[in-house]
Amino acid sequence: MLRGSKGDPSIQEFQEALLNWWESKKRDFPWRREISPYKAILAEVLLRKTTAKQSQAVFPALIERWPDPCALGQAEADELKAVLRPLGMHLERARLLKALGKELCARFGREIQAEALNRESLAGLPGIGQYASNMVLAVCKGEALAGLDRNFIRILERVFGKKSRHKRPHLDSGLWEFAQTLIPPNRSRDFNWA
């Protein structure tokens, strides 16, 4: 990777390098095959505090059993817990997903249209904070928004020397602002997944 005048790669160089890496190294997950707002939202909640490998084992069963938000909101707690057990924290996740299903159903009905998604329509949803909201909008609508998670934070530190002084770096507004400058407008989904 070429270096800029201060030793950092230019934003364009970084974008190109990361997207080139993505093209040869991307991984296949069920929530990436057939993109829908409901699946994108569920994936973000499932991926919290667990690995993609663990989540991909649970995701198909979850979608098959509860194919829409209203069905998820009506889920039997014990059945939901049983499906989520392999992820750990299954009691908390079941409660969260049931509440999320109810709220999604109330706001959007059985089918969430991508056109209906925006910051306001996602605000206050159980389990959906800034990161998940940005990822859903980047994945479903192609909005140029950063998904600042631990991996992205690690890249900012290693490549650009950006280190947070916050105990919880994912809440550092300076890191969010810098991460946002890196997002290519026309490939935000791939960039964030990379």
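The following exchange introduces a predicted model through its cores, its cysteines and its largest pocket.

Trainee: Which residues have the most contacts inside the largest nonpolar core?

Mentor: In soluble globular proteins, nonpolar side chains tend to be buried together. Here the largest nonpolar core has 41 residues. Those with the most contacts inside this core are L80 and L97.

Trainee: Which helix gives the most to this core?

Mentor: Several helices each supply at least two residues, among them α4 (52-65), α6 (77-84) and α7 (90-108). The helix that gives the most, with seven residues, is α3.

Trainee: What does L80 touch, not counting residues up to four places away in sequence?

Mentor: L80 is one of the two residues with the most contacts inside the largest core. With residues up to four places away in sequence left out, L80 touches L62, W66, L72, A75, A94, L97 and K98.

Trainee: How many residues make up the other core?

Mentor: This core lies apart from the largest one. Among its members are F14, F152, F178 and F191. Its number of residues is 16.

Trainee: Which cysteines form the disulfide, and how many residues apart in sequence are the parts tied together?

Mentor: The structure holds one disulfide, formed by C70 and C105, with sulfur atoms 1.9 Å apart. C70 lies in helix α5 and C105 in helix α7, so the pair ties together parts separated in sequence by 35 residues.

Trainee: Is the link of C70 and C105 right-handed or left-handed?

Mentor: The angle about the S-S bond is 85°. The link of C70 and C105 is therefore described, by that angle, as right-handed.

Trainee: Does C105 count as buried, partly exposed or exposed, and what of C70?

Mentor: Buried means under 20% relative accessible area, and exposed means over 50%. C70, at 11% relative accessibility, counts as buried. C105, at 26%, counts as partly exposed.

Trainee: Why does C140 have no bond to C70?

Mentor: A disulfide requires cysteine sulfur atoms within 2.5 Å. C140 counts as buried, at 17% relative accessibility. The closest cysteine sulfur to that of C140 is in C70, and this is too far for a bond, at 17 Å.

Trainee: Which residues lie nearest the centre of the largest pocket?

Mentor: About 1500 Å³ of space lies in this pocket, and 45 residues line it. Elements giving two or more residues to the lining include α1 (11-25), α10 (150-160) and α12 (188-193). Nearest the centre lie L47, Y131, D149, R150 and N151.

Trainee: How many residues of the lining are charged?

Mentor: By class, the lining has 25 nonpolar and nine polar residues. The number of charged residues is eleven.

Note on methods
Residues numbered from 1 in each chain as written. Predicted model: local features only at pLDDT ≥ 70, side-chain atom pairs only at ≥ 80, totals over all residues. Heavy atoms only, no water. Core = buried A, V, L, I, M, F, W, Y, C linked by side-chain atoms within 4.5 Å. Buried < 20%, exposed > 50% of the residue type's maximum accessible area, 1.4 Å probe, protein only. Helix = DSSP H or I, 4+ residues; strand = E, 2+ residues; numbered from the N terminus. Contact = heavy atoms within 4.5 Å. 1 Å grid on protein atoms, 1.4 Å probe; cavity = no way out; pocket = protein on both sides within 12 Å on 5 of 7 lines; lining within 4 Å. Points joined across faces, edges and corners; volume = space filled by probe spheres on them. Nonpolar A, V, L, I, M, F, W, Y, C, P; charged D, E, K, R; others polar.
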